[in-house]
Amino acid sequence: MAKKWIVAISFLTLLSWAVFSGASGTQDPKALIGTASKAIGAENLKTIEYSGSGSDYVIGQAGSPSLPWPRFIEKSYTRVVDLEAPASRMQRVRTQGENPPRGGGVQPVIGERPDTQVIAAGSPQAADLQEELVTALPYSFLRSAAAANDVAVKSQSMNGKKYTVLSFTGPNKAMVRGFLNSENMLERVETKIDNNVLGDIPAETTFMDYKDFGGVKFPTHIVQKQGGYPVLDLTVTDVKPNVPANITSQAKGGPAAGGGPQAAPSEKLGDGAYLILGGYAALALDFKDYIVIVEGGQNDQRSEAVMAEAKRLIPNKRIQYVINTHHHFDHSGGLRAYVAEGATVVTQQINKPYYEKIWANPHTIAPDKLAQSPKKPKFETVADKKVMTDGNQVIELYHLQDFAHNDGMLIAYLPKLKILVEADGFNPPPNQPLTQKPSTISPYTASLEGNVERLKLDVERIIPIHYPAGDRKVMNAELLTAVGKGS
Ligand SMILES: [Zn+2]
């Protein structure tokens, strides 16, 4: 059956190639890149700054597994790209795009939130930038094409329009295809990128409505999609070619770019219960015959570090269960490593069909542990409540009601220690406890507190998965203060 398809597909590919290459004649790839560069004024372009407004959408942060990536409004957006370095600085002001707020990161955007992202040449993120730029701008696409040694040209029709397609192997080893229109202007780029949760996913950008800005033709409407849903929809109003870029690293930088083994220090919470720090917080619980981990964390690396520390603290036992708070990719990116370990994933029931579907995707661009040794995932699901116990150790899992951040959110409660483990409901400040009611109360925090009250949980200490820097203790009184119920 599979063979039949391959034969049929190959035949169709040959047929379309024969038809279209016959119609347009063969073009020299290098000459075509030159023509396409000239068409948009890219030949002497070293830097470009563009500004506008629109929407961005955060991949992996949907309010439920079945929804598109949640939207934020880019009230203002300016990005300068040094095409030669390469380097990039993006400055924007964002507001919440979903009403009521849904998904989209640790807390809803309240009011206007400025955001700056800098990637300097030679920084740890420079390789990611190189990869991103292939689909981000027509000029960087053409530069990548010019640098590739396997560029090919063919003609192809799409939606009734004829294009000349430039294809080559991109920096991540996936095929990149750029669609040039009859004026040799780049209208669309397609490739595949790695996402540690979704695997190989399509990434595509459409460049529309080119206008002239000082001799450079710039697309004034850019739409980027990843994994089938939009991640950026930008209307460009101003463009400055060859401005001095001066892109240098931010002093504090963003989240760690990974790489190298991570430290995973731990703290004993009580009898057979450990808190593992050094990344997103995780708990290791010593059950009679096995280990239970609460929260898989961001990625394979974090999972490896947590599993190693758990096995050190609780020797000679296997990791039988990993409890997953919710499907957001920063909380589910490490689950595949637990599946590879043979652990059963405990998650809210809406997540099971989603994980089963996406974990079957190929991971060829950046094969992870599970891709290297595939295993069928095992699940135990939670509807509203589940108690896990060996007669001594007890974990209670609850599904949060009316929690807009995520529909399938679980909290874990350790009744003996009066400890609550929660993700994205309450992210207290890193340095010192909240002592005053904040000027705006997060709806996520209010919902978490309301659920704790509804469930009549006797909480003393809270372990936020996004553990505050400095690893300070967070007590329940702080949650009450955060929702204006403090004494
Ligand atoms: Zn989340």
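Me: Which residues form one aromatic cluster with Tyr50?
Reply: This is a predicted model, where local features need pLDDT of at least 70, side-chain atom pairs need pLDDT 80 or more, and totals for chains, interfaces and linings use all residues. Residues are numbered from 1 along each chain as its sequence is written, and side-chain values use heavy atoms, without hydrogens and water. Rings of Phe, Tyr and Trp (its six-membered ring) pair if their centres lie within 6.5 Å; planes under 30 degrees apart are stacked, over 60 edge-to-face, the rest tilted. The cluster joins Tyr50 to Tyr77, Tyr139 and Phe218.

Me: Why does the pair of Tyr50 and Phe218 count as tilted?
Reply: The whole structure holds 14 aromatic pairs. In this one, the ring centres are 5.0 Å apart. The pair is tilted because its planes stand at 40 degrees.

Me: How many residues apart are Tyr50 and Phe218?
Reply: Buried means under 20% relative accessible area, exposed over 50%, partly exposed in between (1.4 Å probe, protein chains only). Tyr50 is buried at 3%, and Phe218 is buried at 0%. Tyr50 sits in strand 1 and Phe218 in strand 10, so the pair links distant parts of the chain, at a separation of 168 residues.

Me: Is the pair of Phe287 and Tyr290 stacked or edge-to-face?
Reply: Phe287 is buried at 1% relative accessibility, and Tyr290 is buried at 18%. Their ring centres are 5.7 Å apart. The planes meet at 15 degrees, so the pair is stacked.

Me: Which residue stands opposite Tyr50 in strand 2?
Reply: Helices (H or I, at least four residues) and strands (E, at least two) are DSSP runs, numbered from the N terminus. Two strands pair if DSSP finds at least two bridges between them. Strand 1 (residues 47–57) and strand 2 (residues 71–82) run antiparallel, joined by 10 bridges. Opposite Tyr50 stands Arg79.

Me: Which strands stand at the edges of the open sheet?
Reply: The sheet has 11 strands in the order 4-3-2-1-11-10-9-8-7-6-5, with antiparallel pairing. Each edge strand has a single partner, so one of its sides lacks a neighbour in the sheet. The edges are strand 4 (113–119) and strand 5 (152–158).

Me: What is the bridge partner of Glu190 in strand 9?
Reply: Strand 8 and strand 9 (residues 199–213) pair in the antiparallel sense over 8 bridges. A hairpin of 3 residues connects them. On the other pairing, strand 9 meets strand 10 (residues 216–226) over 10 bridges, with Lys225 opposite Glu204. The partner of Glu190 is Glu204.

Me: Which backbone nitrogen does the side chain of Asn195 reach?
Reply: Asn195 lies in strand 8 (residues 186–195). Asn195 is buried, with a relative accessible area of 12%. Contact means heavy atoms within 4.5 Å; beyond its neighbours within four places in sequence, Asn195 is in contact with Ile59, Ile201, Phe329 and His363. At 2.9 Å, its side chain reaches the backbone nitrogen of Val197.

Me: Which strand gives the largest share of the largest nonpolar core?
Reply: A nonpolar core is a set of buried Ala, Val, Leu, Ile, Met, Phe, Trp, Tyr and Cys residues joined through side-chain atoms within 4.5 Å. Of the 45 residues in the largest one, Val292, Met388, Ile395 and Ile463 touch the most other members. The largest share, 5 residues, comes from strand 21 (residues 410–414).

Notes
Polar contact = N/O pair within 3.5 Å; in protein donor to acceptor, adjacent residues only side chain to side chain.
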